[in-house]
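Let's take a walk through this model, from its open spaces to its packed interior. Have the structure open and follow along.

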Amino acid sequence: MMRPLATAALLTAIGIASASAQNAPGERPGTDWATFNGNLMAQKYSTAGQITPENVGRLRKAWEVHTGDVSDGSGDVPVTYFEATPIFANDTVYVGTPFYRIFAITPDTGRVKWVFDPHAKLKALTQPGMKSRGVAYWQAADPQPGQPCQKRVYIGTMDARLIAVDADTGKLCSDFGKAGVLDVNQWNDVHDKWPFSLLQPPTVYKDTLVLGWAGKDWALKKAPVGLVFGLDARTGALKWTFNPLPPKARATSGTADVWASMSVDPERGIVYLPVSSPSPNFYGGNRKEPIPHGTSVTAIDAQTGKTIWTHQLVHHDVWDYDTNSAPSLVDIHKDGKTIPALVQSTKMGYLFILNRLTGEPIYPEREVPVPQSHAQGEQTSPTQPEVQRPVPLVPDRWPGVSTIADIASFGWCSRKAHELRYEGRYTPPSVQGTLVYPATPGGVEWGGGAVDPVSQTYVVNNSYTAQIYRLIPRAEYERETRDKTPKSWHPMKGSPYGVEVKNFTNWLGMPCWKPPYGSLTAVDLTTGRILWKQPFGEVQKWGFYMPDSWGSITIGAPIITRTGLIFIGASMDSRVRAIDERTGKVLWRGRVDAPAVATPATYMYKGKQYVVFVAGGNHLLLPKVSDQVIAFSLP
């Protein structure tokens, strides 16, 4: 459902000039990678062109840094999720760690210039482990000579502290918050059951920090409300607040937070928010009224936080299909016209291509009937949006039982599939157990895709995941969790049900569904048609690599360079790759210490192009973690 909330006056006020690739404050085009997504438009595109398809095979390690901030979870410190995209600005590579330290690194040698340590509490307050997606950079438009903190690096912590340090020295900026630390939890005043965990760095637009937060999934019916804050970059003072929930839902529900990165149309001053689902995630009997911002992409005014338009991607979401990545902004040249557009990837495998000024679809989209819930008190939406072009990255029907996994489980996979409720995409959770495909891991995960604005190509990696969602009546849940809660069980406290969410795998951990498990796809944005689709990555299990044709579940995202190279980690086989944008052919592979689930970065420094990966691992892919930051360049 699309609700155009903008007026002509508002659009005029924020500007109607055309926008091409734009840079963050202080960013040098083709040189820097100054934001989490490369530029404010979340294109993950660089005009650096020294590394080409012809010479990429000669890439070698230029330098590496081990931060020391790593844990496998076997001791007192929870397991680490090192998901930080390195940023390059101010002639420095900055990386934030899962212990919320900031490393400033010399771009060509890997020498550490300085380290900031907030001495954070290493406790997993809202997440399954220690997690950070890195830092953000800001610099003053009119730097004052001799004054500190004219350039700043920001990092958030799981206990809701936003920290600002001088980008040259790593010392706290005393004019920000209280002596350099802003307590964001001061605004957590509705159902404040957990802190506003600041795992994603803020989005920096001019002198405003746009800040979302992450919470504790699948835990409560009434949860903290998913506020987004506009903050003064110098002082941390609150400029505005965006609230995604209508008044009734604020009383009975919560979240619909923005836990992923955001994008900005810098010429028009529009921020694009990927808004997640309301609480609880798998039951909506407490939130039957419309919540237009829930599981949406929403455009707001960067100066005021006021909604311009919202386009809902899932109605009454009971699948945890959070909108989970910043939409990529690009001007599409189609039928003799230039259309200001965005591409929003989703966990469902749909790519929503919208006019970014109005939220209207550029390619056909329709409402289709979907299966209905039989859960007590539930009332699911009778229809859901269906994108007709591009074709979904994940098919409408699951591929069926894997013969190998079924044989290995003595027929358990096929027997279990027969027991589960399954009526295609959007089959709701049920007491008997529902087969969900694609499930909450995607589809496309939180990295999103990358766009080449010159060739008008969008590239994205996706997974094919099947899970079982089972609603557990409250009395049964309380009885069975009296002594111990199974790892796959989650309370949704306050609702009539708990929920079990588990991968549809056999006793050996083999997927019960047929491969492939992951793909990389290129889309022509001028036609909406698929250019190529290739299995991507390799499944690593029991020390063996499965066939290339199977692909891999992936977490992370690609980047694209001017010469038509795609760089990506993301797969479970602890390799990083360079791929030909024209064909999807792998041109180069490099080994790293763990799956590189962070989006890479590329930059030019002293005449040489570098590509930097953070190889931190993720237990969803492989039980291997690391603290490695590694850069590659030509000899």
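The second largest pocket holds about 310 Å³ of space. Of the 18 residues lining this pocket, K288, E289, P290, H315 and H316 are the closest to its centre. By class, the lining has seven nonpolar, seven polar and four charged residues. Here Ala, Val, Leu, Ile, Met, Phe, Trp, Tyr, Cys and Pro count as nonpolar, Asp, Glu, Lys and Arg as charged, and the others, Gly among them, as polar.

A quick word on what you're looking at: this is a predicted model, where local features need pLDDT of at least 70, side-chain atom pairs count only at pLDDT 80 or more, and totals for chains, interfaces and linings use all residues. Residues are numbered from 1 along each chain as its sequence is written, and side-chain values use heavy atoms, with hydrogens and water left out.

Now for the interior. The largest nonpolar core (buried Ala, Val, Leu, Ile, Met, Phe, Trp, Tyr and Cys residues joined through side-chain atoms within 4.5 Å) has 50 residues, and Y94, I102, V153, W398, F504 and W513 have the most contacts inside it. Buried means under 20% relative accessible area, with a 1.4 Å probe and protein chains only. Among the elements that each supply at least two residues of this core are strand 7 (102–105), strand 8 (112–116) and helix 4 (412–419); strands (E, at least two residues) and helices (H or I, at least four) are DSSP runs numbered from the N terminus.

Which residues does W398 touch? Leaving aside neighbours within four places in sequence, W398 is in contact (heavy atoms within 4.5 Å) with A417, Y422, L435, Y437, F504, C512 and W513. Apart from this core lies another, of 46 residues, including F176, L198, M262 and V264.

Strand 7 deserves a closer look. Both its faces are covered: I102 and A104 on one side, and F103 and I105 on the other, are all buried. Strand 7 pairs with strand 6 (residues 92–96) in the antiparallel sense over four bridges; pairing takes at least two DSSP bridges between the strands. In this pair, Y94 stands opposite A104. The hairpin of strand 6 and strand 7 has five residues between the strands, and Y100 there takes a positive phi near 65°.

Strand 7 also runs antiparallel to strand 8, joined by four bridges, with I102 opposite F116. In their hairpin, with six residues between the strands, G110 takes a positive phi near 80°.

Conventions:
1 Å grid on protein atoms, 1.4 Å probe; cavity = no way out; pocket = protein on both sides within 12 Å on 5 of 7 lines; lining within 4 Å. Points joined across faces, edges and corners; volume = space filled by probe spheres on them.
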